[in-house]
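This report describes the fold, the nonpolar cores and selected surface features of one protein chain. The sequence and the structure are shown first.

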Amino acid sequence: MDTIASLFSFITTPVSWVIVQFHSVYGALFGPDTGWAWGLSIVSLVILIRICLIPLFVKQIKATRAMQTLQPEMKKIQERYKNDKQRQSEEMMKLYKETGTNPLSSCLPILAQSPFFFALYHVLNSIASNDTIGVINNRLLESAQKAHIFGAPLAAKFTDSSSKVEALGSSITDVRVVTAIMIVLMSASQFFTQRQLMTKNVDTTVKTPFMQQQKMLMYVFPIMFAVFGINFPVGVLVYWLTTNVWTMGQQMYVIRNNPTPGSKAQAEYLERLHKHVTHRDKVSRRRDRVIVKAIVAKGRDRNEYERKFINGLSKAGLAAQADGTVIKSDAAAAAQAEDGTPATTGTPKRQQPKRQTKAQRQSGTVGGAKAAGEQEPKTSLTKSDEPEDAKPAAAAKKGGAKPAGGTRSKAQSGQRKGPQRPKSPSKK
């Protein structure tokens with residue numbers, strides 16, 4: 001580890017200078033030789049470094065999202081060229097180039113802060129060895145050796161011997177108890193950070209090898225921290241525990257406010273957004289408008305949670321617009337359904353007028369004339385229009401008598417029913 005740390009010796013001077021500047025501030029408050037002054041100086045160094053790494057963290061989030069989106073395509077390439085590893089690698093690189101993604105982007109924050117980590121390790125190791133380094137002179141070196149955090153010196157390790165720990169003014173029991181607690185907290189924070197990423201911010205609709213790798217890292221990283229942590233000085237454990245807690249809080253903020261589409265975190269976010277929008281009838285925050293705009297632009301490609309959100313707005317009489325805003329809408333054409341087409345919002349449909357009969361059209365009546373009190377003209381035949389041979393039949397029917405001769409009033413075979421045209425006189 002000393003060989004690796006010495007490779008980053010070029011940055012030990014800036015790191016030691018930053019620690020000394022923070023120490024001068026906290027030393028005035030808590031005393032220059034206290035563990036609070038030196039411990040808070042290390043914590044402030046971590047916060048300063050992580051603030052500077054926020055742009056890289058944003059790139060890491062985008063790279064992780066892009067890699068999750070590419071997982072189905074990567075799986076197809078692996079299955080297509082499973083017997084040709086070289087062609088598989090070429091197709092993977094081609095896919096990365098076409099989509100503009102970089103698998104190493106997700107490791108940028110860790111890679112960027114590793115020089116500071118090893119530089120701090122080198123500084124604390126020199127303090128334990130009673131060697132000056134960077135801007136830490138003999139006076140500051142003596143002050144740092146006197147600093148204890150809960151009874152453990154900053155430069156002490158879990159594996160140090162009793163004589164070395166006693167030379168730093170402490171006992172082996174205090175050092176091992178404090179370092180063991182810090183190692184457990186450091187591993188637990190790393191496990192919880194990875195677990196909330198896997199359980200809340202992963203698209204559950206896509207099952208890929210990438211998810212299996214992330215699950216494996218969820219258990220591998222805490223074990224690695226526990227194994228290597230016994231060789232870290234107490235000051236380095238303070239540094240690493242602080243950066244893990246920072247990462248956990250930063251990730252919780254991102255998952256809550258900018259979740260991965262299709263994840264459990266997105267369902268919770270859209271549920272909160274729906275309550276907020278329906279209560280105020282508008283989208284007040286800019287980041288919420290960006291997400292609503294992206295959901296509207298998807299159209300038919302929306303996932304289950306996004307369709308539920310749009311339908312919920314429609315039921316509340318609201319409609320999401322293309323610019324991410326929300327407006328009130330009682331018309332069916334203004335609201336959008338889950339498939340991107342206009343949806344009904346409870347407005348009654350326009351009633352079509354009833355179709356009139358032929359007799360009504362000929363008599364000039366209109367629908368609803370009876371309701372208006374108008375008398376519908378008669379269309380039945382008058383006495384003069386009634387045929388002569390129909391009168392006896394009508395009279396017989398009215399009196400309940402049967403036709404004369406006991407025979408039925410039935411048209412003869414070969415004749416048409418109804419009044420017959422008189423035959424023309426024979427030309428005999």
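The accessible surface of the protein amounts to about 27,100 Å², and carbon and sulfur atoms account for 57% of that area. The model is a predicted one. Of its 428 residues, 36% count as buried. The protein contains 16 helices and four strands. Among contacts between residues at least 6 apart in sequence, 63% link residues at least 24 apart.

The largest nonpolar core has 47 residues; those touching the most other members are Leu45, Phe117, Leu120, Ile127, Ile136, Met182 and Tyr239. Two or more residues each are given to this core by helices H2 (12-30), H3 (35-52), H6 (108-128), H7 (138-146), H9 (172-200) and H11 (234-257). The largest share, nine residues, is that of H6. Setting aside neighbours within four places in sequence, Phe117 contacts Phe232, Val236, Tyr239 and Trp240. Another core, of 15 residues, lies apart from the one just described and includes Leu273, Val296, Phe309 and Leu313.

An unreviewed UniProt entry assigns the feature "transmembrane region" to residues 7-29, 35-58 and 217-241. In the model, residues 35-58 are 96% helix and 0% strand, and the C-alpha atoms at the ends of this span lie 34 Å apart. For residues 217-241 the chain is 84% helix and 0% strand, with an end-to-end C-alpha distance of 18 Å.

On the surface, Met216, Val220, Ile223, Met224, Val227 and Phe228 make a nonpolar patch of about 540 Å². One of these residues, Ile223, belongs to helix H10, which covers residues 209-229. Ile223 counts as exposed because its relative accessibility is 54%, above the cut-off of 50%.

Two residues with positive phi remain to be described. Phe150 is not a glycine, yet its phi is positive, and the same description applies to Asp281. The table lists their values.

| Residue | Phi | Loop | Relative accessible area |
|---|---|---|---|
| Phe150 | about 55° | between strand E1 (148-149) and strand E2 (152-153) | 69% |
| Asp281 | about 60° | between helix H12 (264-280) and helix H13 (286-298) | 29% |

Phe150 is classed as exposed because its relative accessible area is 69%, whereas Asp281, at 29%, is partly exposed.

Note on methods
Residues are numbered from 1 along each chain as its sequence is written. This is a predicted model: local features need pLDDT of at least 70, side-chain atom pairs count only at pLDDT 80 or more; totals for chains, interfaces and linings use all residues. Side-chain values use heavy atoms; hydrogens and water are left out. Patches are made of residues with over 30% relative accessible area and no salt bridge: like charges are joined within 9 Å, nonpolar side chains (Val, Leu, Ile, Met, Phe, Trp, Tyr) within 5 Å. Accessible areas come from the Shrake-Rupley method with a 1.4 Å probe; for residues, only the protein chains shown count as cover. A salt bridge is a side-chain nitrogen of Lys or Arg within 4 Å of a carboxyl oxygen of Asp or Glu. Buried means under 20% relative accessible area, exposed over 50%, partly exposed in between (1.4 Å probe, protein chains only). UniProt positions are given in the numbering used here, feature names are shortened, and annotations may be inferred rather than shown by experiment. A nonpolar core is a set of buried Ala, Val, Leu, Ile, Met, Phe, Trp, Tyr and Cys residues joined through side-chain atoms within 4.5 Å. Contact means heavy atoms within 4.5 Å.
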